[in-house]
Structure formats: structure tokens, C-alpha cells
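Here is a short report on one chain. Keep the sequence and the 3D view open while you read.

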Amino acid sequence: MGTRRIIRQGDVADATPDVLIFSTNEHLFLSGGAGASLLGVHGDPLQRARQRALAASGAKVALRGSVFEIGPAETWPFRIFAVVAANGFYETSKDDTREALEGILRRCGELPEVKRVVTTALGTGYGNMEIEDFVEIFCSLSLPESLDEFELMIHGEVFFRYACAKNQELGDPAEVF
């Protein structure tokens, strides 16, 4: 049957995936968009886990395209992949974004417990990537056979409508909710 590809409007803080992918800034601060929403639910422990991940990398600032994996913890039961989707000038790259997602999905395919992956529209909030560009990437990615669902969660109604229109233009490769 294959993996269900889904585009849904909602708040990522309400998602219950096995893996959550979302954008972060070069300092890995939970400051805006999905990060702020998750900070409101998971608080300082999640921010500290992200700072430990950055420190473990040996860098003071993460480069665009960097991916940080954070395991489940007491307050969040899922694995997190934080993607630095934009540099300090809010510039994104479709190639960097695609490469980061491909690497994360390969990693998910290695983890037998991962069946449901939720991502936000990386680089479309504080970055300069258009939602339509991200939807095109999302809809064209090769998915591990082990996944049941790969979902794009979009908070704002306007972005959601644009994403649905692009999905339709691409021949409806994703279900919409």
C-alpha cells in the first residue's frame, strides 16, 4: 500500500508522531513558529536538550542544512530532528532542505519503531522559502517502506491553502486534512 503522504492544518505541539521534524535557527533557540509552540508545551527541558546537542557538535553556531537529532525524553515521547533551514540572514536553500530531509528519512528507515513522521514546512517562516517550494520537496521525497505516514503540519490557514493548491497542481500526491 505504501506510505500515506498527508498535508494537515494544525499546531505541531498537538502532534503525536514517532519523529517530529521542524526548523530551528543557527543557535537552536526555540524562539518562533513551531519552536515557540513546542517551548510552550515542553518548556526548558527541550531548550536545554537542544543546547546540549549544539554544544556536542563543537560549534557555537550551526550552519544552514545542519540537522540535530534529539531522543525522546520525559516531557516529549518522540524523536526530534531540528533542522537549521535558514542562515543568519534568513536565506534558505531548496537543495539544503531536500538533503536534510533525505538524510532524516534515511535515518527513520533505520529505526524500526518509527512509523509516523511529522514535519513542519522548513524554512518558510523565518526563511525565504515559499510554501509551494517546500510542498514540492515534500511531495517528491522517496520514503522508507517502513513508514506508515509522512505528514506535513501547517499552522496558518493562508499557508495551508497555498500548500493545498500546490499539492493539487502536482496531481494530489498527498491527502489533505
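## Leu-38, a residue of helix α1

Start with Leu-38, which sits in helix α1. This is a predicted model. Is Leu-38 buried or exposed? Leu-38 counts as buried because its relative accessibility is 1%, and the cut-off for buried is under 20%.

Leaving out residues up to four places away in sequence, Leu-38 touches Val-12, Ala-13, Leu-20, Phe-22, Gly-43 and Leu-46. Take Leu-20 from that list. Leu-20 and Leu-38 are 18 residues apart in sequence, and their C-alpha atoms are 11 Å apart in space.

## The bent helix α1

Helix α1 covers residues 34–57. A straight helix of 24 residues would span 34 Å at 1.5 Å a residue. The end C-alpha atoms of α1 span only 23 Å. Where is the kink in α1? It lies at His-42, with an angle of about 115 degrees. The proline Pro-45 comes shortly after.

Leu-38 has buried company in α1. Ala-34, Gly-35, Ser-37, His-42, Gly-43 and Leu-46 are among the buried residues of this helix. Gln-47, Ala-49, Arg-50, Ala-53 and Leu-54 are buried too. What do the buried residues of α1 pack against? Their partners are β2 (19–24), β3 (67–70) and β4 (79–84). After α1 comes Gly-58, with a positive phi near 85 degrees.

## The largest pocket

The largest pocket has a volume of about 700 Å³. It is lined by 36 residues. Closest to its centre are Gly-32, Gly-33, Ala-34, Gly-125 and Tyr-126. Three elements, β2, α1 and β6 (149–154), each give two or more residues to the lining.

Which element gives the most to this lining? It is α1, with four residues. By class, the lining holds 14 nonpolar, 19 polar and three charged residues.

## Thr-120 and its contacts

Thr-120 is placed in the loop between β5 and α3. Thr-120 is buried because its relative accessible area is 9%, and buried means under 20%.

Beyond residues up to four places away in sequence, Thr-120 touches Val-12, Ile-21, Phe-22, Ser-23, Ala-34, Phe-134, Leu-152 and Met-153. Val-12 is 108 residues from Thr-120 in sequence. In space, the two are 7.4 Å apart, C-alpha to C-alpha. Val-12 also appears among the contacts of Leu-38.

## Helix α3

Helix α3 spans residues 131–140. Its buried residues are Ile-131, Phe-134, Val-135, Ile-137, Phe-138 and Cys-139. Phe-134 is also one of the residues that Thr-120 touches.

What do the buried residues of α3 pack against? They meet β1 (4–9), α2, β5 (116–119), β6 and α4.

## Two positive phi angles outside glycine

Tyr-90 is not a glycine, yet its phi is positive, about 65 degrees. Tyr-90 lies in the loop between β4 and α2 (94–110). Tyr-90 is partly exposed, at 47% relative accessible area.

Asp-172 is not a glycine either, and its phi is also positive, about 60 degrees. Asp-172 is found in the loop between α4 and β7 (175–176). Asp-172 counts as partly exposed because its relative accessible area is 46%, between the cut-offs of 20% and 50%.

## Gly-156 and Glu-175

Gly-156 belongs to the loop between β6 and α4 (157–169). Gly-156 is partly exposed, with a relative accessible area of 32%. Gly-10 is 146 residues away along the chain. The C-alpha atoms of Gly-10 and Gly-156 are separated by 7.8 Å.

Glu-175 is in strand β7. Glu-175 is partly exposed, at 34% relative accessibility. Which residues does Glu-175 touch, not counting those up to four places away in sequence? They are Arg-4, Arg-5, Ile-6 and Ile-7. Cys-164 is 11 residues from Glu-175 along the chain, with 9.3 Å between their C-alpha atoms.

Notes. Residues are numbered from 1 along each chain as its sequence is written. This is a predicted model: local features need pLDDT of at least 70, side-chain atom pairs count only at pLDDT 80 or more; totals for chains, interfaces and linings use all residues. Side-chain values use heavy atoms; hydrogens and water are left out. The expected span of a helix is 1.5 Å times one less than its number of residues. The bend at a residue is the angle between axes fitted to the seven residues ending there and the seven starting there. Buried means under 20% relative accessible area, exposed over 50%, partly exposed in between (1.4 Å probe, protein chains only). Contact means heavy atoms within 4.5 Å. On a 1 Å grid over the protein atoms alone, a cavity is a set of points where a 1.4 Å probe fits but cannot get out, and a pocket is an open set with protein on both sides within 12 Å along at least five of seven lines; lining residues have an atom within 4 Å of a point. Grid points are joined across faces, edges and corners, and a volume is the space filled by probe spheres set on the points. Ala, Val, Leu, Ile, Met, Phe, Trp, Tyr, Cys and Pro count as nonpolar, Asp, Glu, Lys and Arg as charged, and the others, Gly among them, as polar.
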